[in-house]
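Colleague: I should like to understand how the terms used for this model are justified. Please set each value against its definition as we proceed.

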Amino acid sequence: MPVMTAALVLLSFVTPLATDMYLPAFPQMTGDLGADASGVQLTLTTFLIGMGIGQLILGPLSDRFGRRMPILVGSAACVVTTALCALTPSLGLLVALRFLQGFTGAAGVVIGRAVISDYAVGEKAAKLLGVMMSLLGVAPAIAPVLGGVVIEAAGWRAVFWVLAAITLLALVAAAFAVPETLPRERRQTGGVRATVRSVRDVLTNRPYMGYTLCFGMALAVLFCYLGGASFLFQNLLGLSVGQTSAVFASVGAVSVVSGLVITRLVGRFTPKGLLRTGLWVMLAGSVALCAVALADQLALPLVLTLLYLAFVGISLVTINAAALAFERVPHAAGTGSALLGTVQSILSAIAAPLVGLGGTHTAVPMFAGMTVSAVLAFLVLSLTKNAPSKGEPEPAVAGIRGPGAG
């Protein structure tokens, strides 16, 4: 199990690295590709849309055909599309290739979560997901630093060559360490109609949708930050590319540490209680940042302190909302993982470019977007209240089940 978890984490590293490694290069890319800030941010948006659609397709397919083959095929295709991103001559082609990179890279993310769900349920699932998300927090911590080093040494295109090499390494790890965890007797049958019915059943599960939308809005807070942070740190606060990378890394480190602490809290406090605490912390940090920007009192120590607060809240929300969502659909783990990831990607894709509409010399749109997303996370959680239980599966009992368990 530890070896398989490590391989799944490496597979899941691909997408956060693909979003974070090239962020310090946004100002450089605007000049090289002859684009404005919103144009370059569109490469992040199309990647997220591709990842969302990829999860929506690949997740249900893994419920039908098993976990292993879709992971391997998707990862192999991601290696190719990532290499092509490094060779693109124009912004338009890069936008299209980023969509394909997100679509193919989705395999490791969505099916990796389903593999965990095949093994564990209840509090055990929350802890495993917490460990996995915490380790994934290493990616945004190291990605900007690694990206900054690569960009300063060889330019932004070299970032995609490094990503292609990392994706190839993840493919090899999956081939050797990730077994098939969904036996044939547990796979869904009945063709496309059965797949559509499974998606419909998950979509009409109100508690699942409430937790999933809450998860997605918390990630929208994150992507509002990602979409505007490079311009905030470089254009408004006067940091260099290297300094910007270090700041990105410090925020990522907070995510890692808070995620690991949260996994220790599971069992001592209820997931619902931790989720609500996270919502308040995330909202407090976002509102304070917005107030600072509106008052034109931006200073690096204050901004970082409030960002750290918001990111602790994001970790609390995402870990517990995901575990609570999966608990509602144990009969369709791949589909549930796919829809959760798709909602996350769509909401994040909407949030990322909006923060660039105000230009590159103001932080108000960025922090206002974070605040609005945090408020919406509160509102969508109301879907989990007084939800009808008829026709919904009972929440799973905490524990571990092997890949052959029914």
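Colleague: Leaving aside its neighbours within four places in sequence, with which residues is A7 in contact?

Modeller: Apart from those neighbours, A7 is in contact with A173, A177 and V178, where contact means heavy atoms within 4.5 Å. Please note that this is a predicted model, in which local features need pLDDT of at least 70 and side-chain atom pairs count only at pLDDT 80 or more, whereas totals for chains, interfaces and linings use all residues. Residues are numbered from 1 along each chain as its sequence is written, and side-chain values use heavy atoms, with hydrogens and water left out.

Colleague: Where does A7 lie, and why is A7 called buried?

Modeller: A7 belongs to helix 1 (residues 2-20). Helices (H or I, at least four residues) and strands (E, at least two) are DSSP runs, numbered from the N terminus. Buried means under 20% relative accessible area, exposed over 50%, and partly exposed in between (1.4 Å probe, protein chains only). A7 has a relative accessible area of 5%, and is therefore buried. The C-alpha atoms of A7 and F176 are separated by 8.8 Å, although these residues are 169 residues apart along the chain.

Colleague: What makes V73 partly exposed, and what makes D296 exposed?

Modeller: V73, in helix 4 (residues 68-87), has a relative accessible area of 49%, so V73 is partly exposed. The C-alpha atoms of V73 and T104 are 8.4 Å apart in space, with the two positions 31 residues apart in sequence. D296 has a relative accessible area of 62%, and therefore counts as exposed. D296 sits in the loop between helix 12 and helix 13, and its phi is near 55°, a positive value in a residue other than glycine.

Colleague: How many helices and strands does the protein chain have, and what share of its residues counts as buried?

Modeller: The protein chain has 15 helices and 2 strands. Of its 406 residues, 59% count as buried. Among contacts between residues at least 6 apart in sequence, 89% join residues at least 24 apart.

Colleague: How do you know that the length of helix 8 agrees with its number of residues?

Modeller: The expected span is 1.5 Å times one less than the number of residues. Helix 8 (residues 157-177) has 21 residues and should therefore span 30 Å; its end C-alpha atoms are 31 Å apart, which agrees. The buried residues of helix 8 include F160, L163, L171 and A173.

Colleague: Why are helix 10 and helix 12 described as parallel or antiparallel?

Modeller: Axes are lines fitted to C-alpha atoms, for helices over the stretch in contact, and angles run from 0 to 180 degrees between N-to-C directions. Angles under 35 degrees count as roughly parallel, over 145 as roughly antiparallel, 65 to 115 as roughly perpendicular and the rest as oblique. The axes of helix 10 (residues 206-236) and helix 12 (residues 271-294) cross at roughly 30° and come within 12 Å. The two helices are therefore roughly parallel to each other. Their contact involves Y211, C214, A218 and V221 of helix 10, with K272, L275, L279, M282 and S286 of helix 12.

Colleague: How does the pair of helix 10 and helix 13 run, parallel or antiparallel?

Modeller: Here the axes cross at roughly 155° and come within 8 Å, helix 13 being residues 300-328. Helix 10 and helix 13 are therefore roughly antiparallel to each other. The residues of their contact divide into 22 nonpolar, 2 polar and 1 charged. Ala, Val, Leu, Ile, Met, Phe, Trp, Tyr, Cys and Pro count as nonpolar, Asp, Glu, Lys and Arg as charged, and the others, Gly among them, as polar.

Colleague: What makes the relation of helix 12 and helix 15 parallel or antiparallel?

Modeller: Helix 12 and helix 15 (residues 364-380) pack at about 155°, with axes 8 Å apart. They are therefore roughly antiparallel to each other. Residues including L283, V287 and C290 in helix 12 meet residues of helix 15, among them F367, M370 and A374. This contact of helix 12 with helix 15 has 17 nonpolar, 2 polar and no charged residues.

Colleague: Which helices are included in what covers the buried residues of helix 15?

Modeller: The cover includes helix 10, helix 12 and helix 13. Among the buried residues of helix 15 are F367, M370, A374 and A377.
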